[in-house]
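Welcome! Have a look at the structure below, then try the exercises that follow, each with a worked solution.

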Amino acid sequence: MQLVLEKRSERSNAIAVISPLIAIGLTIVTMSILFALLGKNPVTALAVYFIDPLTDGYSLQEIAVKATPLVMIAIGLSLCYLANAWNIGAEGQFLIGAVAGSWIAVRTQGTDAGVWVLPAMLLLAAAAGALYALIPALCRVKFGASEILTSLMLVYVADLLLDYLVRGPWRDPHGYNFPTTAEFDPVATVPVLIQGGRLHVGSIIALLVVAAAAVLLGRTIKGFEIRVVGAAPRAARFGGFNANQLILVTFAISGALAGLAGIIEVAGPVGHLQPGISPGYGFTAIIVAFLGRLNPVGILIAGLFLALTFIGGEQAQIAMKIPLDVTKVFQGILLFYVLACDSLILYRFRLILPTQKVARGTR
């Protein structure tokens with residue numbers, strides 16, 4: 001008796017729909033076992049993670065705040081992945097966007113600059129993110145280098161650049177030697193939507209990005225081109241689609257959205273540039289993209305779910321003394337199960353009995 005994976009004759013649409021739900025269910029079961037090993041009541045811990053944040057107005061705002069960068073970055077990544085281009089360095093593009101946009105805020109600090117400051121910060125951050133993403137894209141198109149490795153290595157370059165700036169030339173002289181810039185002027189900050197909370201205009205921008213991506217993929221020739229190049233490269237070549245050009249386009253869009261998310265995070269909830277502005281948004285967004293089936297609406301839902309794990313993890317740390325790193329473990333396990341369950345879309349399990357093996361051998 002042998003259990004094997006057998007390639008399906010055609011893609012299973014039903015499995016494609018329920019695969020994320022299976023992954024979430026398996027992750028919850030695994031986390032329950034982990035909580036029990038930590039000496040915590042699994043039911044109580046899961047309630048703190050997934051139920052309690054949904055019963056508090058402030059926590060709901062925080063979920064939206066956390067989901068904003070995740071959704072924006074994941075939308076850009078989904079365009080790359082649909083085109084069979086693998087951008088793994090969105091974290092670096094996020095940081096570069098934050099640095100580029102913050103340059104304007106630092107330069108105009110205390111100068112009574114006008115309302116042009118924030119729009120200029122957003123544009124510069126998006127442009128910087130796009131240019132930074134084009135580095136691995138050009139390396140693949142021109143030299144055949146792996147965009148996975150180059151985009152990932154550039155994350156550390158961006159992180160070290162940010163660290164140098166806030167510990168050196170951009171450090172706040174009145175900041176008691178902490179590695180941070182001075183607080184941004186009001187004209188350089190993203191307006192909040194609800195007084196007393198942190199929900200800001202960036203959340204509306206994220207919704208607009210979701211809507212634009214849905215229109216792009218579902219209603220335009222360029223969206224059709226993206227899907228065809230990724231799903232059927234040979235058909236795309238016969239159709240006259242330029243795969244290399246599409247890699248550059250999708251990487252540029254992905255980097256622009258990541259850079260935009262970076263400056264929105266800095267000019268919104270944080271209010272200044274400092275190390276550790278990202279708890280790993282660029283990497284978590286990869287999970288969001290695949291959990292959302294590379295679909296804009298699905299990514300919005302997945303982004304809110306992953307944001308819930310961030311807020312739930314913080315509450316579990318306070319209420320139950322569960323280490324905050326457990327949240328990263330949760331997200332890693334979720335990614336593992338998402339990728340594992342995705343194999344069921346193309347393959348299925350089949351039990352081969354000894355008699356069937358003998359029959360195969362005789363043929």
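## Exercise 1: A bridge across the sequence

Before starting, note that this is a predicted model. The task: decide whether E62 is buried or exposed, then work out which parts its salt bridge with R198 ties together.

*Solution.* Begin with the cut-off: a residue counts as buried under 20% relative accessible area. E62 has a relative accessible area of 8%, so E62 is buried. Next, turn to the partner. R198 has a relative accessibility of 31% and therefore counts as partly exposed. Now bring the two side chains together: R198 and E62 meet in a salt bridge, at 2.6 Å from N to O. Finally, place both residues. E62 belongs to helix α3 (residues 57–82), while R198 sits in the loop between α6 (147–167) and α7 (202–219), so the bridge ties together parts that are 136 residues apart in sequence.

## Exercise 2: Bridges inside a helix

The task: find how far apart in sequence D163 and R167 are, and do likewise for K222 and E225.

*Solution.* Start from the total: the structure holds 5 salt bridges. One of them joins D163 and R167, whose closest N and O atoms are 2.9 Å apart. Both residues lie in helix α6, with their positions 4 residues apart, about one turn of the helix. D163, at 26% relative accessible area, is partly exposed, and R167 is partly exposed as well, at 43%.

Then move to K222 and E225, which form a salt bridge with closest N and O atoms 3.2 Å apart. They are 3 residues apart in helix α8 (residues 221–231), which puts about one helical turn between them. K222 is partly exposed at 29%, but E225 is buried at 8%.

A general rule helps here: an α-helix has 3.6 residues a turn, so residues three or four places apart point the same way.

## Exercise 3: Around helix α2

The task: list the buried residues of helix α2 and say what covers them.

*Solution.* First, the list: in α2 (residues 42–50), A45, L46, V48, Y49 and F50 are buried. Second, the cover: it includes α1 (13–37), α12 (296–320) and α13 (325–346). Third, look at the start of α2, where a side-chain oxygen of N41 comes within 2.9 Å of the backbone nitrogen of V43.

## Exercise 4: Aromatic rings

The task: classify the ring pair of Y81 and F290.

*Solution.* The whole structure has 12 aromatic pairs. One of them is Y49 with F50, a tilted pair with 6.0 Å from centre to centre and 45° between the planes. For Y81 and F290, the centres are 5.2 Å apart and the planes at 15°; planes under 30 degrees apart count as stacked, so this pair is stacked. As Y81 lies in helix α3 and F290 in helix α11 (residues 281–291), the pair ties together parts that are 209 residues apart in sequence. Y81 and F290 are both buried. To finish, return to Y49 and F50: together with F35, F305 and F330 they form one aromatic cluster.

## Exercise 5: A nonpolar patch

The task: find which element gives the most to the nonpolar surface patch.

*Solution.* The patch, of about 670 Å², is made by L3, L5, L346, Y347, F349, L351 and L353. Two elements, β1 (2–7) and β2 (347–352), give two or more residues to the patch. The greatest share comes from β2, with 3 residues. L5, in strand β1, is partly exposed at 47% relative accessibility.

How values were computed: Residues numbered from 1 in each chain as written. Predicted model: local features only at pLDDT ≥ 70, side-chain atom pairs only at ≥ 80, totals over all residues. Heavy atoms only, no water. Salt bridge = Lys/Arg side-chain N within 4 Å of Asp/Glu carboxyl O. Buried < 20%, exposed > 50% of the residue type's maximum accessible area, 1.4 Å probe, protein only. Patch = residues over 30% accessible without salt bridge, like charges linked within 9 Å, V, L, I, M, F, W, Y side chains within 5 Å. Areas by Shrake-Rupley, 256 points an atom, 1.4 Å probe, with all protein chains shown as cover. Contact = heavy atoms within 4.5 Å. Polar contact = N/O pair within 3.5 Å; in protein donor to acceptor, adjacent residues only side chain to side chain. Phe/Tyr/Trp six-rings, centres within 6.5 Å; stacked < 30°, edge-to-face > 60°.
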